[in-house]
Amino acid sequence: MATMSRVKSRNGTPLNSLELLYNISRELAAALDLRTVLQRVLSLSMKNVGAVNGSIIILDENGQPVESAIIVGDTLHDRTTPQLREIFQRGLAGWVASHKDAVLIDDTSQDARWLRRPDDEQSKTGPKSAVATPILARDQLVGVITLVHPTTRFFKPEHLNLVKAIADQAGIAVINARLYTESQRQARVMTALANSAAAITGSLNLEEVLQHILEQISQALRVDVVSLALIDPRQNELVFRASTGKHSQNVAGIRLKMGQGIAGWVAQEGQGVIVLDVNKDPRFYGEVDKQTGFKTRAIAAAPIHWREQVIGILEALNPADDIFEPDALLVLTGIGGLAGSAIRHAQLFEALQAAHQRYHDLFEDSIDPIFITDWSGAIVEANRQVELITGFDSKSLRKKSIGQFGVVESGMVGEDFSALTAGETISYETSISTRYGHPVPVQVNVRKVQIEGVYHLQWILHDISERKKLETLQNDLISMIYHDLRSPLANVVSSLDVLETMLPLEDDPALRSLLNIAVRSTERIQRLTNALLDIRRLEAGQSVIHPQAISPGQLIQEALETIQPASETKKQEILVDLPTDLPEIWVDGDMIRRVLINLLENAVKYTSSESQVLLGARCNAPDLEVYVQDNGPGIPDSERERIFDKFWRLHEKTEHRGYGLGLAYCRLAVEAHGGRIWVESEPGEGACFKFTLPIAAKAPETTGKASN
């Protein structure tokens, strides 16, 4: 503690130092705000020692200026200025702080510790007298008081002692005020963050969330402009989405590469930064100012985090007096943390809303009826097409179950829909009952779907009325052709047999040729009518009529004799690859002969002239495998299963036309014998049709039921 003494006030009246310090202590104890404490300490010091100018600088734990007050004459300056920082670093206050010792200067022009400025010239204020003392609290340096009088040798040792005594009193007051200010600052930060959290999370609309974020930062930091940019992961770029202040309309859409500019650096490094003079920072990217028409002087930027990942940045530009509040970066970083979750939640909500809208549009605009049911079959939702096809309105439909419409095939979907739990789509054909009493044929596609986190069943019904009508017409036509052709065809065959015995065929080759053509044509028509009959019979589930053990070589030879005239016309060669020890097969000879003829006819039809067709068989116990290979255009992957369907023809431009019955008959006939038929093909490299038949020694009892 400095030595107590009696001093004179500026008007010359003596004051007891103890009384003075008591009054100063009371003055300081009445204030908690740091700036108020600084102003009172400085004002009391100047008043009691007669100083004209004075400054008080407060330091942080690292010895750096954080707050100040300056009185010049009757004018108070309560902001730390660049000039004051320079004085502290190079002038008397800096020397006092580094030495922690008080100093009295009689003539500032004669002391190197005094930082001379233009106003120290003789033509202006000239030399001065100054005292300076450190402000200590428990041996901790918290600041420096400097007092100045325009007259040299004005201050005496007793003045210095008094200033030191005031500084001692001020030390604890400054510490308390600094703690109070820090607590207030933290309270402001927490309040700002709490208010920001409430405002930012108050909406799930992305644009509203972005606007709330910017508003909260603007209120907390008092800056000219606040901008927000999000990372575009596809382009690995920052895209500015929103901005406040002048020229804000020019900001949206601006893109920066990661690492480009201060904003790009923050996004890349994931840490905040304050730059008080952007022109002195090499990271600053001035092109953005050119695009927006805004002049950036100072910037604070912080990353926006979501789950430890940087998804964007916040930046605040040009604070008041170009000085950011001490807690500016803390506030910006805190709001950035809140913003990450709010932005991501809004994005996810918008994506969910969009998905719901797409689903709703697809659901309502679908041309097919769609039911949504729970796992008990109760109807939860139904689209407009369901109302049209059933005749029930949506309210009535929600009171019903899917089973009431007759579309549930327990053999397909399982008891309690157990076959659908794996997530597979199950398809089948049935009819839906309607309010009007007439069923509508439909194809049902049912599968498990998840809606708002709960699994439901989706039933998509495709109206196949037109297809069924067409199939009925086709079947009626087949039936008519079969019945109308059978009787006259039998007469033609009988007539040809009679003509063969009556005409001198051996003496007239031309007549023999004509008769052979007629016979082959009638045989072909007979095969067609028999195939039509067999198709109807096998589709009805009837069994093979006349199975017996027969040599495959015999059937192949008979088929070759039938097809030979057509292959000779195209100058084709049919190569036969048959092992000599092939076992007999258990089949209806006429049906399998027609299968071979159909496959050979197709091979000859699609194989180019003067080429080869390969026919072969091999034993692959317990079956015999037969194959027919051509060198035609081949069959696309998408058609390989459907070519065996009735009335199906390849969707390719070709001069070869058919009725789509030959391969359908082959499939039904082979499967009725317990075998299977398939095709192996590469587009442009021909096709190889293969089928299997049971060997006679191990022939199973055939059921004759063909699959559709």
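1. Let me start with the sheet: five strands make an open sheet in the order β16-β15-β19-β18-β17, with antiparallel pairing. Its edge strands are β16 (379-382) and β17 (426-432), each of which pairs on one side only. From one strand to the next, the twist averages 30°. For the terms, strands are DSSP runs of E with at least two residues, helices are runs of H or I with at least four, and both are numbered from the N terminus; two strands pair if DSSP finds at least two bridges between them. The twist rests on axes that are lines fitted to C-alpha atoms, with angles from 0 to 180 degrees between N-to-C directions.

2. A word on what we're looking at: this is a predicted model, where local features need pLDDT of at least 70 and side-chain atom pairs count only at pLDDT 80 or more, while totals for chains, interfaces and linings use all residues. Residues are numbered from 1 along each chain as its sequence is written, and side-chain values use heavy atoms, leaving out hydrogens and water.

3. Now the pairings. β18 (residues 440-451) and β19 are antiparallel over 10 bridges, and Arg447 has Gln458 as its bridge partner in β19. These two strands form a hairpin with two residues between them, and Glu452 in the turn has a positive phi of about 50°. β15 (residues 370-373) is joined to β19 (residues 454-463) by four bridges, with Ile370 partnered by Ile460. On β18 there is also β17, attached through seven antiparallel bridges; here Ser427 stands opposite Asn445.

4. Confidence next. Mean pLDDT (the predictor's confidence in each residue, from 0 to 100) is 81 for the chain, and 86% of residues reach 70 or more. Residues 1-15 stay under 50, with 29 contacts beyond four places in sequence in the model (contact means heavy atoms within 4.5 Å). Residues 702-708 are also below 50, with 22 contacts beyond near neighbours in sequence. Where pLDDT is low, the predicted coordinates should not be read in detail.

5. Last, the cavities (sets of points on a 1 Å grid over the protein atoms alone, where a 1.4 Å probe fits but cannot get out; lining residues have an atom within 4 Å of a point). There are five of 30 Å³ or more, and the largest has a volume of about 250 Å³, volume being the space filled by probe spheres set on the points. Its lining has 23 residues, with Val288, Asp289, Thr296, Glu315 and Leu317 nearest the centre.

Key
On a 1 Å grid over the protein atoms alone, a cavity is a set of points where a 1.4 Å probe fits but cannot get out, and a pocket is an open set with protein on both sides within 12 Å along at least five of seven lines; lining residues have an atom within 4 Å of a point.
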